[in-house]
Amino acid sequence: MLKITPAELKSVGKYIHDISGIYLDPSKSYLFETRLGSIAEEHGCASYADLHNKSKRDGSKRIERQIIDAISTNETLFFRDTGPFELLKNKLIPEMIDARAPKSPRLKTNVKIWSAASSTGQELYSVAMTIKELLGTQTDSYNFKLLGTDISDSAVKQASYGKYNKFEIERGLPRATLQKHFTLFGDSWKIKDEIRAMVNFRKLNLMLPFAGMGKFDIILCRNVAIYFTLQDRKKLFNKLADSLADDGFLIIGSTESLTGVCSRFAPQRHLRSIFYQKK
Amino acid sequence: MNDLTILVVDDDPVIRRLLEQRLGKENYEVLLAEDGYVGNEILTKEHVDVVLTDLMMPGDIGGIEVLEFAKELERNIEVILITAHSSVDTAVEAMKKGASDYLQKPINFTELFLRLEKISTMRSIMRNAEDLRQAMDVTESAAAYTIQNLEMTAGTLQGKLDKIEDTLNNDKMDPETKVATSRDIMNNWS
């Protein structure tokens, strides 16, 4: 595998931060090598500096996309930690439905939910399945808008397609849920259209301004800020506070904390989980 | 050391015996069934890692049916089909239904052992990943518990500080009331 030099660690590290917001510890050179080595090889680069230059000059941004795909961690699974989904089902979604009850019975209740780092889609589909479990056939009488965003093109693509191999499926998904919401597709499983129709995915770099996205009622931003520097984390949660309705809910990863990161949110505990509301 | 249990389903006694001998020699545990019915019965009773089944067998239960039955029973089971040259299309169809692989008759044992080795390696990687995942889950839930408690405590303290700050900045209070109120907030308010 192509070795990375100390100078390259610095310049490539900065470049990755610029294009993705992801901070890679320069002391972990193997992270750079294992993730970027094959891309460098594919483009016939003799060094990582070479790859860096090629990527900067590449107007199609194909190499940049490849680098982002390789660097971003797509570790995710259906119903990762059951806590947040129980929280959504038992408290946050019912409360939000009541809070958004329309004045006229002819109007539908609008609830907007955003999975800010949706990876390959498991989290947002889990939210959709949770809503379906909660509301059953009544789901259609509410207007749920579920948006998933991620920086990786290939992750967004897989999420949109909604097809998962048996290894991705077997982790976290109870058999009954699987049979209810998925169809067997060769050795893979595809999410059923009625769940697929509830969600939308698109590419978004959390470091850039959230233009034209409006306000959300519930935001999930789990296990992504851990890859950012404290400074970037502060900026991110400040922007998320701007994007959250005043009475909205924020869910972060179970081992994450907003202490010292963003003072605009106050934590609240429900059963085994914590969620945040704006102060 | 091979830790796979292999079920051979074939109506031809010669092939059954041959597979039993060759797989046995490689230290695989081998179970035999002379047709799909017996094969399915063994599947429900015994633990099987790999099914090696003939595609065409007399009776209603052929290789495809054994494949479907096995997959329905245990998603992790690997099924390798043995086919005549003429039924390659059916074998490809079977791959779409979840078969791991197919072998053409006459069986090339080097090829077969290679596939089994691959399955074995894959299994141990999966097991290792599962162990790591479990270890991570334990660590994560312990960390989450600690962090959540700290987060709630920090939230409560921040709330107190905000109130004390408001009190101290309150121009309508005299200094003594400010101190007394701040002390009350520190001690009582939660």
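Which residue in S5(A) is the bridge partner of A:Thr183? The partner is A:Lys190. This pair offers a way into the structure, which is a predicted model. The predictor gives the complex an ipTM of 0.78 and a pTM of 0.81.

The bridge just named belongs to a pairing of two strands in chain A. Strand S4 of chain A and strand S5, which covers residues 188-191 of that chain, run antiparallel to each other and are joined over 4 bridges. Both strands belong to an open sheet of 3 strands in chain A, where the order is S3-S5-S4 and the pairing is antiparallel. At the edges of this sheet are strand S3 (163-165) and strand S4 (182-185) of chain A, each of which pairs on one side only. From one strand to the next, the twist averages 30°. As a general matter, the strands of a sheet pair through backbone hydrogen bonds, and the pairing may be parallel or antiparallel.

A parallel example is found in chain B. Strand S3 of chain B, residues 50-54, pairs with strand S4 of chain B in the parallel sense over 5 bridges. Within this pairing, B:Leu52 has B:Ile80 in S4(B) as its bridge partner. Strand S4 of chain B spans residues 78-83, and 6 of its 6 residues are buried. In a regular strand, side chains alternate between the two faces of the sheet. In S4(B), the residues B:Glu78, B:Ile80 and B:Ile82 point one way. The residues B:Val79, B:Leu81 and B:Thr83 point the other way, and the residues of both groups are buried.

The view may now widen to the domains. In chain A, the domain assignment gives domain 1 (6-71) and domain 2 (82-278). The centres of these two domains of chain A, taken over C-alpha atoms, are 30 Å apart. Where the domains touch, 7 residues of domain 1 of chain A are in contact with 11 residues of domain 2 of chain A. On the domain 1 side, helix H4 of chain A (residues 62-71) supplies the largest share, 3 residues. By class, the residues on that side of domain 1 of chain A are 3 nonpolar, 2 polar and 2 charged.

Chain B is also divided by its domain assignment, into domain 1 (5-107) and domain 2 (143-187). The C-alpha centres of these domains of chain B are 71 Å apart. Helix H5 of chain B contains B:Thr139. Is this residue buried or exposed? B:Thr139 is exposed, because 11 other C-beta atoms lie within 10 Å, and a residue with 12 or fewer counts as exposed. The C-alpha atom of B:Thr139 is separated by 49 Å from that of B:Val88, a residue 51 positions away along the chain.

Helix H5 of chain B, residues 109-168, also matters for the contact between the chains, where 12 residues from chain B and 11 residues from chain A take part. On the chain B side, this helix gives the most, with 9 residues. The side of chain B that touches chain A comprises 5 nonpolar, 3 polar and 4 charged residues.

Some details of the backbone remain. Most residues other than glycine have a negative phi, and most peptide bonds are trans. A:Ser119 is not a glycine, yet has a positive phi of about 50°. A:Ser119 lies in the loop between strand S1 (109-115) and helix H6 (122-135) of chain A. A:Leu271 likewise has a positive phi, near 50°, and is placed in the loop between strand S9 (265-270) and strand S10 (273-278) of chain A. Their surroundings can be read from neighbour counts. A:Ser119 is buried because 26 C-beta neighbours lie inside 10 Å, whereas A:Leu271 is exposed, with 10 other C-beta atoms within 10 Å. In chain B, a cis peptide bond joins B:Lys105 and B:Pro106, with omega at about -5°. B:Pro106 is located in the loop between strand S5 (101-104) and helix H5 of chain B.

Finally, the confidence of the prediction may be considered for chain B. The mean pLDDT of this chain is 90, and 98% of its residues reach 70 or more. Among the elements of chain B, strand S1 (residues 5-9) has the highest mean pLDDT, 97, and helix H4 (residues 88-96) the lowest, 83.

Technical notes. Residues are numbered from 1 along each chain as its sequence is written. Chains are lettered from A and ligands numbered from 1 in the order in which they are written. This is a predicted model: local features need pLDDT of at least 70, side-chain atom pairs count only at pLDDT 80 or more; totals for chains, interfaces and linings use all residues. Two strands pair if DSSP finds at least two bridges between them. Axes are lines fitted to C-alpha atoms, for helices over the stretch in contact, and angles run from 0 to 180 degrees between N-to-C directions. Two residues are in contact if their C-beta atoms, placed from the backbone, lie within 7 Å. Ala, Val, Leu, Ile, Met, Phe, Trp, Tyr, Cys and Pro count as nonpolar, Asp, Glu, Lys and Arg as charged, and the others, Gly among them, as polar. pLDDT is the predictor's confidence in each residue, from 0 to 100. A residue is buried if 20 or more other C-beta atoms lie within 10 Å of its own, exposed if 12 or fewer, and partly exposed in between; C-beta atoms are placed from the backbone. Domain bounds come from an automatic or database domain assignment.
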